[in-house]
Amino acid sequence: MSGDLDGRRLSPPQMSSPDGAAEQDGRGPIPPLDTAGDDAMTPELITEVITRAAAAAPRSRQVELGPSEAGEPCTRRLAYKLLDWDRPGRAMDRWAPVQGVAVHAWLAEAFRAENERLGRDRYLIERRVQPLTDEQARQAGLPGGLAGSCDLFDRDQGLVTDWKHVGTTRLAKYTAEGPGQQYRTQAHLYGRGMAAAGEDVRDVAVVFLPRASSLTGIHVWREPYDPAVAAAAVARLTAIRDAVIALDPERYPGRWGLFPTAPQSCRFCPWLKPGSRHLATGCPGHLDAASSAAPIESLIA
Ligand code: SF4
């Protein structure tokens with residue numbers, strides 16, 4: 001390797017002699033690694049590379065609603081999404097989602113290997129599903145039909161599985177309280193998509209994997225597949241879509257405040273703009289806004 005990348009010289013690696021002096025093939029000391037230039041391997045550069053790659057990932061660029069967002073408790077966030085509203089462009093720490101993507105990829109390979117070991121396709125892995133037919137999607141005003149990739153389907157058990165890679169605090173919370181509206185809805189929408197694809201869906205599961213140095217504490221939440229859960233989510237989204245049309249916050253920005261908020265997902269919300277006083281430019285986050293949302297709450301609860 002020449003050490004030349006895009007016209008920039010890279011310092012060669014250092015090798016230490018037994019007495020500590022850097023040398024290379026007896027040709028004298030190697031100059032120290034240049035860490036002062038723009039391309040030095042600094043924490044800032046690494047963060048920038050990770051952030052740029054994560055922002056360019058298909059999941060980050062997805063415009064249409066998918067199963068993972070359909071049960072989002074914050075109605076305002078869904079309204080922003082349905083209108084594909086401009087995002088404030090806040091720099092987000094994407095390390096946790098990056099780890100989640102990496103773990104998903106590893107698990108996909110692990111279950112592919114399991115299929116090979118069994119000599120049959122017991123597991124359907126990262127299967128693309130569409131819970132709504134094109135006609136249902138058109139009627140609901142949800143282009144794309146809430147399509148998404150189901151992490152795992154076990155044909156032997158008729159079981160949909162969704163992986164969640166979570167920190168210690170959230171693992172304890174989900175273990176004690178269950179998966180919550182969003183993850184439960186997501187699992188049942190995958191169930192609906194799998195059923196629409198002709199699979200015999202009997203149960204859905206959300207598996208919480210610890211973002212820690214040990215697998216101790218894995219929590220499996222599971223319940224029978226219930227098409228009514230997915231249907232309720234579709235009905236709620238349709239009502240929100242109708243509210244967006246009726247309230248027209250694009251024309252009347254003050255009406256953004258009429259969409260109820262919820263606290264659970266502000267941290268990773270693309271529309272979060274701390275301190276914002278104009279909801280058309282970004283949301284300050286959940287501020288216990290229940291009272292201002294009351295007028296339309298019954299419509300989109
Ligand atoms: S920042 Fe929080 S309250 Fe505002 S839209 Fe996003 S999730 Fe909802």
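# A guided tour, starting from helix H8

Select helix H8 first: 12 of its 17 residues are buried, so the helix is mostly covered. You are looking at a predicted model, and everything on this tour is read from that model.

**Stop 1: helix H8 (180-196)**

Colour the buried residues of H8: Gln182, Arg184, Thr185, Gln186, Ala187, His188, Leu189, Tyr190, Gly191, Arg192, Gly193 and Met194. What do these buried residues pack against? Show helix H3 (67-70), S3, S4, S5, S6 and H9, and you have the partners. From its first C-alpha to its last, H8 reaches 24 Å with its 17 residues, close to the 24 Å expected at 1.5 Å a residue. Just past the end of H8, click on glycine 198, which takes a positive phi of about 95°.

**Stop 2: the nonpolar core**

Now widen the view to the largest nonpolar core, which has 44 residues. Leu146, Cys150, Val160, Tyr190, Met194 and Leu237 are the ones with the most contacts inside this core. To see where the core comes from, select helix H4 (75-82), strand S3 (123-129), strand S4 (148-154), strand S5 (159-166), helix H8 (180-196), strand S6 (203-210) and helix H9 (227-247); each supplies at least two of its residues. Which of these elements gives the most? H9 does, with seven residues.

Try colouring by domain here. Domain 2 (73-90 + 239-300) and domain 3 (95-234) both give residues to this core, so the core lies between them. As background, nonpolar side chains tend to be buried together in soluble globular proteins.

**Stop 3: helix H9 and leucine 237**

Select H9 on its own. Its 21 residues reach 30 Å from first C-alpha to last, close to the 30 Å expected at 1.5 Å a residue. The buried residues to highlight in H9 are Ala230, Ala233, Val234, Arg236, Leu237, Ile240, Ala243 and Val244. H9 is followed by aspartate 248, whose phi is positive, near 50°.

Stay with leucine 237 for a moment. Leaving aside neighbours within four places in sequence, leucine 237 is in contact with Leu65, Ala70, Ala140 and Leu142.

**Stop 4: leucine 65 and leucine 146**

Follow that contact to leucine 65, in the loop between helix H2 (58-61) and H3. Is leucine 65 buried or exposed? It counts as buried, because it has 21 C-beta neighbours inside 10 Å. Not counting residues up to four places away in sequence, leucine 65 touches Ala70, Lys81, Leu142, Gly144, Leu146 and Leu237. For a distance check, pick the C-alpha atoms of leucine 65 and proline 143: they are 8.0 Å apart in space and 78 residues apart in sequence.

Next, pick leucine 146, one of the contacts of leucine 65. Leucine 146 sits in the loop between helix H6 (134-140) and S4. With 29 other C-beta atoms within 10 Å, leucine 146 is buried. Its phi is positive, about 60°, although leucine 146 is not a glycine.

**Stop 5: helix H4 and aspartate 84**

H4 is mostly covered, with seven of its eight residues buried. Select Thr75, Arg76, Arg77, Leu78, Ala79, Tyr80 and Lys81 to show them.

Then step into the loop between H4 and helix H5 (95-118), where you will find aspartate 84. What marks its backbone? Phi of aspartate 84 is near 50°, a positive value in a residue other than glycine. Aspartate 84 counts as exposed, because it has 9 C-beta neighbours inside 10 Å.

**Stop 6: the ligand**

Show the ligand together with Cys74, Arg76, Arg77, Thr261, Ser265, Cys266, Cys269, Trp271, Leu272, Cys283, Gly285 and His286, which surround it. Arg76 and Arg77 in this shell are also among the buried residues of H4. Recolour the shell by residue type and you get six nonpolar, four polar and two charged residues.

**Stop 7: isoleucine 218**

Move to the loop between S6 and strand S7 (219-224) and click on isoleucine 218. Isoleucine 218 counts as exposed, because it has 12 C-beta neighbours inside 10 Å. Even so, isoleucine 218 touches Val207, Phe208, Leu209 and Pro210, not counting residues up to four places away in sequence. Its C-alpha is separated by 5.8 Å from that of phenylalanine 208, 10 residues apart along the chain.

**Last stop: the whole chain**

Zoom out to see the protein's 10 helices and seven strands. Of its 301 residues, 26% are buried. Among contacts between residues at least 6 apart in sequence, 63% join residues at least 24 apart.

Technical notes. Residues numbered from 1 in each chain as written. Predicted model: local features only at pLDDT ≥ 70, side-chain atom pairs only at ≥ 80, totals over all residues. Near = placed C-beta within 6 Å. Nonpolar A, V, L, I, M, F, W, Y, C, P; charged D, E, K, R; others polar. Helix = DSSP H or I, 4+ residues; strand = E, 2+ residues; numbered from the N terminus. Buried ≥ 20, exposed ≤ 12 C-beta atoms within 10 Å, placed from the backbone. Contact = placed C-beta atoms within 7 Å. Core = buried A, V, L, I, M, F, W, Y, C linked by C-beta atoms within 7 Å. Domains from an automatic or database assignment. Expected span 1.5 Å × (residues − 1).
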